[in-house]
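Subject: Structure for your review

Dear colleague,

Please find the structure below, with its sequence. My notes on charged contacts and one surface patch come after it.

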Amino acid sequence: MDDDLVNHPRHYTEGGIEVITYIRAKLSKQGFIDYCMGNVYKYTSRYKHKDGVPDLQKAKVYLDWAIQEQIKG
C-alpha cells in the first residue's frame, strides 16, 4: 500500500489513531479552526521553497477542515 503523504501519512497514524483526530478532540471548535488556518499559512508560505505542490495540497486539506468546522455551526 502506498503512503499517502498528504491525507494519511503512515507516520501520523502510529498507535491506532491519527494525530489530527487527537488534536481535534483536544481543542475547542475555534481552537481547531485556528490550528488549521495556521497550517494553511505555513504550507502556502513555504511551498515555493520546500515541497511545491504537495505543500499546496496539504494547505487545501487544512483549509477544507477549517471550512467544514465553520459550516457545522
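What follows is a short account of the salt bridges and of a nonpolar surface patch. Please keep in mind that the model is predicted.

Salt bridges

The structure holds five salt bridges. Three of these pairs are described here, along with a network.

One of the pairs joins arginine 46 and aspartate 55, whose closest N and O atoms are 2.9 Å apart. The two partners differ in burial: aspartate 55 is buried, because its relative accessible area is 0%, while arginine 46, at 22%, is partly exposed. The cut-off for buried is under 20% relative accessible area, so the 22% of arginine 46 places that residue in the partly exposed class.

A second pair lies in helix α3, which covers residues 53–72. Here the side chains of lysine 60 and aspartate 64 form a salt bridge, with an N to O distance of 3.2 Å. Lysine 60 and aspartate 64 are four residues apart in helix α3, so about one helical turn separates them. Lysine 60 has a relative accessibility of 52% and therefore counts as exposed. Aspartate 64, at 30%, counts as partly exposed.

Another pair in helix α3 consists of glutamate 69 and lysine 72. The closest N and O atoms of this salt bridge are 3.4 Å apart. The spacing along helix α3 is three residues, so glutamate 69 and lysine 72 are also separated by about one helical turn. Their accessibilities fall in opposite classes: glutamate 69 counts as buried at 10%, and lysine 72 counts as exposed at 57%. Both residues belong to a network of salt bridges that also includes Arg24.

As general background, side chains of opposite charge can pair when their charged atoms come close.

Nonpolar patch

Which residues form the nonpolar patch on the surface? They are Leu63, Ile67 and Ile71, and together they have about 280 Å² of accessible area. Isoleucine 67 is found in helix α3. With a relative accessibility of 41%, isoleucine 67 counts as partly exposed. Patches are made of residues with over 30% relative accessible area and no salt bridge, so the 41% of isoleucine 67 is above the area cut-off.

When you open the model, helix α3 is a convenient place to begin: the lysine 60 and aspartate 64 pair, the glutamate 69 and lysine 72 pair and isoleucine 67 can be found there.

Regards

Terms used: Residues are numbered from 1 along each chain as its sequence is written. This is a predicted model: local features need pLDDT of at least 70, side-chain atom pairs count only at pLDDT 80 or more; totals for chains, interfaces and linings use all residues. Side-chain values use heavy atoms; hydrogens and water are left out. Patches are made of residues with over 30% relative accessible area and no salt bridge: like charges are joined within 9 Å, nonpolar side chains (Val, Leu, Ile, Met, Phe, Trp, Tyr) within 5 Å. Accessible areas come from the Shrake-Rupley method with a 1.4 Å probe; for residues, only the protein chains shown count as cover. A salt bridge is a side-chain nitrogen of Lys or Arg within 4 Å of a carboxyl oxygen of Asp or Glu. Helices (H or I, at least four residues) and strands (E, at least two) are DSSP runs, numbered from the N terminus. Buried means under 20% relative accessible area, exposed over 50%, partly exposed in between (1.4 Å probe, protein chains only).
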